[in-house]
Amino acid sequence: MKKIIKVIISVFLVALSGCSNFLEENLQGKFSSATFFKSQQDAILAINGVYNSASFISTNNALWVFGDVASDDATKGGGAGDQGDILFVDQFNYVRSNTVLENTWKQYYDGISRANYVLYYVPPINMDVTLRNRILGEAKFLRAYFYFNLVNIYGEIPLKLIPPFSSSEVNIPKSSVDKIYTQIVTDLQEAIKVLPKTYTSSDLGRVTKGAAWGMLAKAHLYQEQWSDVLTAIDSLDAAGNYSLVSVYKNNFIDSTQNNTESIFEIQHLRGQGMGSYLSQYFSPSAYNGYYFNAPLQNFVDEFETAPDDTPDPRLDYTVGRAGNKWVNGEAFDPSWSPTGYLNRKNSEPKKGTLPIGDSGLNYVYMRYADILLMKAEALNELNRGDEAIVPLNAVRKRARESYLYDTALPGFGTVPTGLLDDVSNGGKQAVTDAIRHERRVELGFEFHRYFDLMRYGQSAAEAALNGTGFNYSKRYFLIPQSELDTNPAITN
Amino acid sequence: MKNHRLNFLFLLLTIAIATPAYTQVLLSGTVKSVLGEPLPGANVIIMNSTIGTYTDAEGVFKLEAPAGSSNAVLAISLIGYNTEEVIIGDKVEFSVILTEDLKMLNEVVVTGYQTEERGKILGSVSTVSPELLTKIPVSGIDQALQGRVPGVVVSQNTGAPGEGVSVRIRGLGSINSSNTPLYIIDGIPTQDATSVSPQDILTISVLKDASASAIYGSRAANGVVLITTKIGTNNKQVIQFNSQIGFQQPTRLVPMATTDQYVSIYNEAVLADTVGTPSFLWRPLITDDIKSGLPNVNQVKAIMRPNALLQTHSLSISGGEGKTKYFISGNYYSQDGIIKASDYKRITGRINVESQVKKWLKTGVNLNVSTATTDLVGSSGDGAGGNGGSVLRYAYFRSPAIPIRSQATGDYTDKPSDNYNGNNLYNNLFGDGYNPVGMLAYNNNKRIADRLFGKVFVTLNLLEGLSFTSNVGVDYTSQNQRRFDRNWGSGNRINNPNRLTVNNDRNHTLTFSNFINYNKTFGDHNFTVLLGTEAIKASNYSAGATDMSFANQSSTLTYLNNGIGVKTLSESQAGNALLSFFGKIGYDYNEKYLASVTLRRDGSSRFGPNNRWGNFYAGSLGWRIDKESFLQNNSWIDKLLLRAGYGVIGNQEIPNYAFSDEIGVNNPYSFGNTKNVGYAVSKLGNANIKWESSSQLNAGVDLAIWNGKLLMSLDYFNKVTSSLLVNQPIASSAGLATAPIVNNGKVLNRGLELALNYSDKIGAFTYTISPNAALLHNEVLSVDRPIAGGAYGSQYTTLTEKGYQIGSFYMLEMEGIFQNQSDIFTHANQGGSIKPGDVKFKDQDGSGTIDYNKDRAHVGSAIPKVTGGLNIALGYKNFDLSVFFQGAYGQKILSVLNRDIEGFYRPFNVTERYYSNHWTPENPSNQYPRASWSASGNNAQISTRFLESGSYTRLKNLQLGYTIPKSILEKFNITALRIYFSGANLLTFTKYSGMDPEMTVSDNSKTDGDKANGIDWGTYPAAKSYNFGVNVTF
């Protein structure tokens, strides 16, 4: 019996002695910030993850709803009642819990959070210094890009620069629009110092010094700091050999993207989980598309025509309409859209049986034509009208000369007489009008129009959006309900 | 013969007296019931000795008593009967009659690492008779508990076969996803008791308060359900066969509009929406031409199986020989879903063996093996839970004008345009929601789970009253799930590319517990001491793969590696450990004054190194007033026990590794037109996460009067849970990574529980009436920041806030319908687009403007305020009849299904009641707004418009049985045979307009926990069933 008691006591003792490491259970098979962010390879993986947030892989990224649908260029389109929340944004009678507002907010702040992780954890990593600086520069650029879109959609927003470690980094009050811009400019200036002018082909698509100068020019443009715009554009010109491509539509064809005109281009790749959803959202129902973002007559009417009625070639590069061909070469059927038009810059031709929602088309956020028009605008605002019309006319020239370079264009060979003639300096207001018109047709359905309208000011914005629930006090969309429900530092 | 035996006995007796070294007396006797039936398996023991035996099949026992036992007492006991004590004296032959223990006062209750006499238990412990559990045709023991124990609220997550069950003891103490009680099956803890067949269960005890459950410390905050499985009786071989077959039907379906009605209300809305809008927003009318050729399909009926089969059969063999007892059983349970393609089948086997190897050594094995196959369909939620949206929801909102199969192709219609040469016009008229019949036909999602659960134990009787037990328990589950999402539909739009997902999981938990029980009496002072340790180690492993783009979709070819698309692999490993030390001392003075103290120290790997250990304790006092001299001689009180206890216990039921963040690896980006892998933080961690603790006060009284005819048990409890473990959503500007689990808030659950039982007979007519009821008050006492929950799209529908219940619904309050322009003008400003017929909301802050952000209010919760059950059992000669009602009252249900089918935000079908009652100038309804899509931004907002009372009373079971008389059975060598008819869920009394007020835990709330309960997404309803069964004993 004593033996048995001894055994029992030893069983208890064994149980007791085992306790020191018995309770050690470490995360297995998954990285945590304790095991990640340790090597050069980790730093690269982390910065790649930030780019992912900028893409249109996730339908959360609804930049087009704000840029186009909310503007006078487009309406929701799509099936009756399908994605009703987009229509509420279009009509400016949305509620705070509108999914478009919510999703875009989350998507872009997620990008900011990812950039903040990189900026927090990558500096101490023991790695190639040039590469490390470049990665930090990429993160700063992308953070500036995300903030730029957020501040232009929502206005006053919380400024977050540290990862969400605890509630003190999470529950942050709103900052003024100016303060957000100050951070955007700072980030871009720091990125410019370390970003390379070009990349080897395997890294094609990463942000360059030129892209950062371009974003900086845009940030200054939006703050009406005209001479800073010009400085940035001069630096951009010095940083890269950017030029307009001779065929306008090559900016929107997968095989000819990432060309000399491209300054910042969001990359997509089909079939491997990196495809864009945009093509499906914009394609006709016949291809299992949802035909959203339908162009309005008012937008179509903005395009110039030659005296012989030959239209600006950019119209049919931008819009599908009766009497013209759609992306697969078939006749466009106006019954595909409630407005009779569909937008085609982000609609990709059907590729066999591959799903249309997985498109390889890149989204070109900024191209050299945009830079030229920014330059024209800044010069004009600085009362240098004669200089301003030079870049403006460069954009018009390329457009009309599509007839010399695009063999597929009906009437190829000669530029129709009187089409898109050069603009002369007819005074500051006339040049302003000409630039605004040119931006609308050149950059149509590239998700910029609403933001341009807002910076043109109250009268221009209210005139353009007449007939909806818009007034200029609604230029910024409401911060979504989920933020108000969870962040005690924000109450409206 | 008898005389010979007697002579022989006398002879032995003489020898015994003559030879002192071998002085033995052979005692023998028979044990019978009052009705004269022999009682096999009764324990016959000479008190204060280890000499004892059992009666055989004829109720006969033989026992060798040492000489000089004439002053000794022979105790004859049998479960369910009062123990009889007989002084041996000069007698050698005994004829003992045991009376049935109606009172069960001395019932031995399993209370955790020990058994205690009913009369000495100070905590709140309820037991359930196992016969009650097998009356209702359910697959698991958790479901069978419904309505049986006051304070235990059981609801099925969904009615889908094989789906989980939510069991909540004494309200919601916690906000995180686990309010599930701890199950202890034959001494081994688990969170999942579903694989045990109800037929195998001997006893169930539910430990509800701290003084009862503190011995399970860290895991007992939500209560403990102790289950003991059957074991055979010595010298009594029993074969039992139970079989039941039934048919199931839906309890209730929501009546929907017909095609004519659909067309009429559709056109009405088209015309309403043309007013004041640009023409490109106008919708086309359904012309008479189009209308004339339309079918009228009941889409909901189309997904139902008319009479779904439900069957369960079990066979058990039990018995004992010498020192060994055993119980072997097999059970088959098969339930066809009332919705096509949803089925559940389970085979369970059990072996229990125990042997008294030596006087001081007992050892044994309990082993439960089961294999369950579930064919899964989307049964709840909108798909956010990852298992597909509810197929019923799709069926409800699909227009009746779309034929199930396309007239053009003969295949399942996907978009309505399939019938009309792809003309998109028809999609705008009838919507493009999925075809539910097609979805089910192509559904292929099967889960096979094999589980082995059991233990090996050794008990050493070291000294008198001192025993040591060592348990080694194992819980091993291996699960395989294959889901093939077939590509089909208009232009192959659905599941393009097709995809196969295969997951293999292996989970095992090892439990090693060692404890000492010591009972000692010093005069009138009785002590029981329990001391032990327990170590639990759990490991979950999972490996999965996906493949896509299968050229051939035949089920014989859709296997991994046959696809030509991108393949992905995944593998995961997680573990957790729990180490505990515990002790309990029970004391009573002459069984009159009772006290107990429990201590437990737990360490959990789920918390960071600094917060791992928690100390938990409980103490209780009791007073058996009936043992006092002043009540000793009264004739009507059999038992009166006052008891009170207080304790603090913990909760660690959060996911593993909550202290750490996690990096997601699937965030790629294309550089140079090549995939580049990208990583990003996918889950946030909280290094400071610590134990949630619950302090519980319980006071109760147990009363038995009139010879046990009336039993009553009344308990009051006050339970405060603090440092609640919460998966609190954080600001959406923190990004998309999953929010960390935090300790936040304090919650009160206070309540009253009453259980009554009255049994009596009038001649041959016997009856038992047992009602039980519980009141519950749930209130958040403090919370750092209110916790949003119940996400609907990107909105939250509940807010857990100070002064309200957990998961309190928080939304705009509907005040009726705007009847005319002056009504709109005089009411708070609700926006420029409001027209007569739109929903009017209450201006909670009196600001004169309706602002969603400021005008939401707390409007009730999904937690019932009152729950109860009523069981009535009647017997007359060989007939028995039982009726069981169960109900829950005071809870609310948010029907987001009604938002789909009455909210008018897409061309979906509408309910018949909406069609008939909606607002028009001629029909000034104050409940159902006008038909308009453009007004849905206002009208279909989440508001009390979609909130309804969820109170219900349900006739859970009605059963009529007949026991075939013995005289007939004897010819066939059958001991007992009973046949019965029963009906389950035959009647439901509720005002709820949905299918089932009971099924309101959705797939969406899997990540949200109890703060998202009571949201009905068109959840798979419970079935009504008609059953025939037979019980045979050989």
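How many helices and how many strands does the secondary structure of chain A come to? Keep that in mind while I say hello to everyone. What we have on the screen is a predicted model.

Here is the answer: chain A comes to 21 helices and eight strands. Its radius of gyration is 26 Å, and the globule rule gives 23 Å for 492 residues; the two values are close, so chain A is as compact as a globular protein of that length. If you lay the C-alpha trace of chain A along its principal axes, the spans are about 115 × 50 × 45 Å. Buried residues account for 55% of the 492 residues in chain A. Of the contacts in chain A with a separation of 6 or more, 68% are between residues 24 or more positions apart.

Let's pick one helix from chain A. Helix H16 of chain A covers residues 385-400, which is 16 residues, and at 1.5 Å a residue they should span 22 Å; the end C-alpha atoms are 22 Å apart, so the model agrees with the expectation. Which residues in H16(A) are buried? They are Ala388(A), Ile389(A), Pro391(A), Leu392(A), Val395(A), Arg396(A), Arg398(A), Ala399(A) and Arg400(A). Notice that this list includes Arg396(A), Arg398(A) and Arg400(A). And what do these buried residues pack against? Their partners are helices H14 (313-318), H15 (368-381), H17 (402-405) and H18 (428-442) of chain A.

Now over to chain B. This one has 16 helices and 53 strands. Its radius of gyration is 32 Å, close to the 31 Å from the globule rule for 1034 residues, so chain B too is as compact as a globular protein of that length. The C-alpha trace of chain B spans about 120 × 65 × 65 Å along its principal axes, and 49% of the 1034 residues in chain B are buried. Among contacts in chain B between residues at least 6 apart in sequence, 68% join residues at least 24 apart.

Let's look at a helix here as well. Helix H5 of chain B, residues 259-273, has 15 residues that should span 21 Å at 1.5 Å a residue, and its end C-alpha atoms are indeed 21 Å apart. The buried residues of H5(B) are Tyr262(B), Val263(B), Tyr266(B), Ala269(B) and Val270(B). Viewed down the helix axis, the buried residues of H5(B) fall within an arc of 135°, so they line one face of the helix. Why can residues that are spread along a helix end up pointing the same way? An α-helix has 3.6 residues a turn, so residues three or four places apart point the same way. The buried residues of H5(B) pack against helix H6 (288-292) of chain B.

Next, some strands. Strand S1 of chain B, residues 24-33, pairs with strand S4 (residues 60-66) in the antiparallel sense over seven bridges. One of these partnerships is Val25(B) with Ala65(B) in S4(B). S1(B) is also joined to strand S7 (residues 93-98) of chain B by six bridges, and those two run parallel. There, Thr30(B) has Ser95(B) as its bridge partner.

Strand S5 of chain B, residues 73-77, is a nice one to zoom in on. Its covered face holds Leu74(B) and Ile76(B), while Val73(B), Ala75(B) and Ser77(B) are on the uncovered face. In a regular strand, side chains alternate between the two faces of the sheet. S5(B) pairs antiparallel with strand S2 (residues 43-46) over four bridges, where Asn43(B) has Ser77(B) as its partner. Four bridges also join S5(B) to strand S6 (residues 84-87), again antiparallel, and Leu74(B) is partnered there with Val86(B).

One single residue before we move on: Arg506(B), in strand S24 (residues 499-522) of chain B. Is Arg506(B) buried, exposed or partly exposed? It has 16 other C-beta atoms within 10 Å, so Arg506(B) is partly exposed. Leaving aside residues up to four places away in sequence, Arg506(B) touches Ser478(B) and Tyr541(B). Arg506(B) and Gln573(B) are 67 residues apart in sequence, and their C-alpha atoms are 9.5 Å apart in space.

Finally, how do the chains meet? In chain B, 81 residues are in contact with 85 residues of chain A. Strand S26 (residues 568-589) of chain B gives the largest share of that side, eight residues. By class, the side of chain B that touches chain A has 32 nonpolar, 39 polar and ten charged residues. Thanks for listening!

Technical notes
Residues numbered from 1 in each chain as written. Chains lettered and ligands numbered in written order. Predicted model: local features only at pLDDT ≥ 70, side-chain atom pairs only at ≥ 80, totals over all residues. Rg over C-alpha atoms; globule rule 2.2 N^0.38 Å. Buried ≥ 20, exposed ≤ 12 C-beta atoms within 10 Å, placed from the backbone. Contact = placed C-beta atoms within 7 Å. Nonpolar A, V, L, I, M, F, W, Y, C, P; charged D, E, K, R; others polar. Expected span 1.5 Å × (residues − 1). Arc of directions from axis to C-beta. Pairing = 2+ DSSP bridges.
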